[in-house]
Amino acid sequence: MAEIANNRVESELGCGFMGGIFNRWSHWSRKAPVHSLPSSENPRKPHTSHSSKSHRRRRSSSAEPAIGENSSPAKTLQKPDQKPTRNSVSDHPRTSVSHRKIQGSRNSDAARSSTSSSKSNGSGEERKLRRESTANSLELARVVTESRQPDDSRALVKARSSNGMAMGHLGNLKQPVTKNSVTGNSTPSSTSKTILALSRGLQEMSSMPSKTGYGNIVRKNCDEFRTISNKLEPEVLKRMGNEAYKEGRFKDALVLYDRAIALDSTKAAYHSNKSAALIGLGRLIEAVGESKEAIRIDPSYHRAHHRLATLYLRLGQADKALYHYEHSGSYTNSKDVDKARALEKCLVSCDEAQKLQKWNTLLKETQFAISSGANSAPLLYALQAEALLRLLRHEEAYASYQKGPNFSIHVCTNFFGMASSAYLWMIGSHVYLAAGRFDDAVTAAQEAAKLDPNNKEIMTAVKRARDVSSARSSGNLLFKAEKFSHACVVYSQGLEYDPHNSVLLCNRAACRSKLGQFEKAIEDCSAALTVQPSYSKARLRRADCNAKVERWEAAIQDYEVLIRETPGDEEVGRALFEAKVQLKRQRGEDIKDMKFGSNLVSISSNERFRHIVTSPGMSVVLFCNKAKQKRVFQALEQVCKRFPSVNFLKVEVEDHPYLVKTEGVSNIPTFKIYKNGSRVKEIPGSNHELLESSVKWYSS
């Protein structure tokens with residue numbers, strides 16, 4: 001009876017083979033035919049048997065929360081009317097309960113195990129065991145290496161061959177309880193260290209059969225350890241993924257969550273956390289799928305419902321967002337519901353405005369919806385682009401369409417439906433056509449026709465894209481062959497299908513300019529710039545045509561816009577200089593001091609200085625000494641060549657002390673920038689980089 005009582009107590013404390021791994025090896029009695037394992041304190045000194053229970057220290061660890069998931073605390077096993085027992089061992093384990101007597105059957109089994117293991121050293125079964133243990137340890141080591149978690153200062157008992165393995169907190173293994181709380185998972189860094197200890201222990205245990213002769217015992221311990229490590233690994237991977245997510249390493253987090261799901265796909269938290277990582281990477285539709293999977297596993301998962309509702313709101317599906325907000329419990333507040341309801345009303349207004357062709361209203365409603373949270377809804381961006389195209393704001397339409405999410409045809413069709421996806425590609429065709437991307441326009445229209453071949457509006461868009469693209473190609477060939485009249489006719493035919501196409505208008509203007517029809521060419525360029533204000537080719541062509549008809553002021557305006565966009569363009573700078581010369585000559589002003597590439601003027605009088613700096617435009621003045629000006633003067637000359645439309649003045653302080661005083665010059669040399677009569681910037685003479693960047697800034 002005493003033996004039975006002892007065995008019962010040891011069973012409660014985790015004895016047996018698993019107790020030998022996670023606590024210490026039990027000390028065999030001297031009567032046992034098997035020699036006792038050496039102790040870690042003194043390998044040569046045998047241990048005496050003990051009959052009392054071993055004492056353990058209590059230790060608690062704080063659970064590391066997942067991204068929006070609450071880890072369930074580990075429960076402790078306890079019997080009625082008894083204090084709770086613990087399954088894990090503290091950092092400093094003490095001696096476990098030893099067996100006083102071993103039954104005859106157990107003695108014979110242990111003896112046979114010892115004898116058979118000592119004789120089978122190097123057998124195929126043991127080699128297989130060694131390979132499995134080594135592979136398992138390498139796998140755990142790989143997990144720790146990839147985790148890249150910072151070191152923790154917490155104490156950890158390392159594995160030793162003498163005591164099997166003494167471990168601290170192990171991730172999801174059950175933890176000791178304190179008086180006030182039940183502990184959950186350990187911190188990721190502590191768990192990473194523990195896994196490293198497990199890896200080393202496995203490597204040591206793989207070599208134990210050849211050294212100690214306990215092959216069967218070690219093999220059983222390894223099998224049980226493998227079972228525990230497999231249960232541990234998904235939670236460890238999840239916690240590592242959480243740490244990567246918090247640090248903004250969404251790709252790393254996604255890999256870790258994927259591996260956790262591969263090991264255990266039944267945990268809703270893993271799918272929900274993966275959804276969060278996908279959101280961080282901008283893969284919203286994939287994130288929707290993972291959130292839905294989490295809800296399928298756990299329909300009452302409030303955080304997953306809230307995450308899915310937010311995703312639907314961003315994707316412009318207000319009705320689905322409202323449904324999941326209603327099922328997200330305390331995670332949803334009134335503001336979330338108000339946003340979803342406002343979006344729902346806004347979408348209804350967009351449909352009505354589109355049907356009634358109220359393009360300004362449609363533009364306003366789409367802008368409100370996007371700014372209210374539906375910033376990843378491709379349909380809203382397409383509606384906005386359509387409104388801008390109808391309002392002849394092609395440049396803004398292209399920018400708006402490009403801001404929308406770039407989903408593939410397959411993804412759009414599966415998520416939004418065939419009709420919505422076809423509409424997206426049809427609007428894309430219109431936008432690309434207006435921007436001069438003719439091949440892309442034809443491709444987009446054809447994809448829309450595949451999705452909805454019975455839609456008359458889409459088929460019209462296909463014909464329009466093909467005809468306009470063909471007109472552009474044929475006209476370009478005729479223009480290269482110098483058949484300008486025929487090219488002009490072909491471009492005009494293309495404009496019948498798309499009257500406001502800026503590329504065809506500009507190309508026809510080139511033909512008319514070659515034919516001497518400058519007024520018509522100016523009209524085409526102006527029409528192109530109306531829908532595409534930043535179309536520099538049309539602006540340059542209009543400036544040249546205005547110069548041909550001696551409209552110098554209009555030409556100078558266009559040249560100055562171009563020179564601000566490309567300050568180093570020598571061709572535009574020369575054209576601007578010539579236009580200014582001709583304008584002065586037309587007005588009867590003196591032009592003998594004007595010279596291209598030398599817009600640096602030395603001030604001869606105070607009146608000359610005042611006249612230049614107060615004139616419209618921009619002026620840069622260098623205040624310097626006569627003797628010490630070479631280096632700074634060379635820097636100024638380099639800037640002059642890059643900005644031919646800017647006036648550069650040189651004031652030698654010895655000859656103009658009055659200007660030095662009135663302009664507040666305290667350091668020599670110094671640059672001062674004037675714009676439209678006002679002093680806007682002062683730069684030290686030694687800072688040449690700041691001079692060039694400032695001139696570029698104020699001239700634009």
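A salt bridge is a side-chain nitrogen of Lys or Arg within 4 Å of a carboxyl oxygen of Asp or Glu. The model is predicted: local features need pLDDT of at least 70, side-chain atom pairs count only at pLDDT 80 or more, and totals for chains, interfaces and linings use all residues. Residues are numbered from 1 along each chain as its sequence is written, and side-chain values use heavy atoms, with hydrogens and water left out.

**Exercise 1.** Find the salt-bridge partner of Arg 296 and place the pair in the secondary structure.

Solution.
- Step 1: the partner is Glu 293, with the closest N and O atoms 2.6 Å apart.
- Step 2: helix α9 (residues 284–297) holds both residues; helices (H or I, at least four residues) are DSSP runs, numbered from the N terminus.
- Step 3: the two are three residues apart, about one turn of the helix.
- Step 4: classify by relative accessible area (buried under 20%, exposed over 50%, partly exposed in between; 1.4 Å probe, protein chains only). Arg 296, at 56%, is exposed, whereas Glu 293, at 24%, is partly exposed.

**Exercise 2.** Determine the separation and the exposure of the pair Arg 437 and Asp 440.

Solution.
- Step 1: the closest N and O atoms of this salt bridge are 2.8 Å apart.
- Step 2: Arg 437 has 30% relative accessibility and is partly exposed; Asp 440, at 33%, is also partly exposed.

**Exercise 3.** Trace the network that contains Arg 249.

Solution.
- Step 1: salt bridges with shared partners join Glu 247, Arg 249 and Asp 252 into one network.
- Step 2: within this network, the side chains of Arg 249 and Glu 247 meet at 2.9 Å, N to O.
- Step 3: Glu 247 is partly exposed, at 46% relative accessibility.
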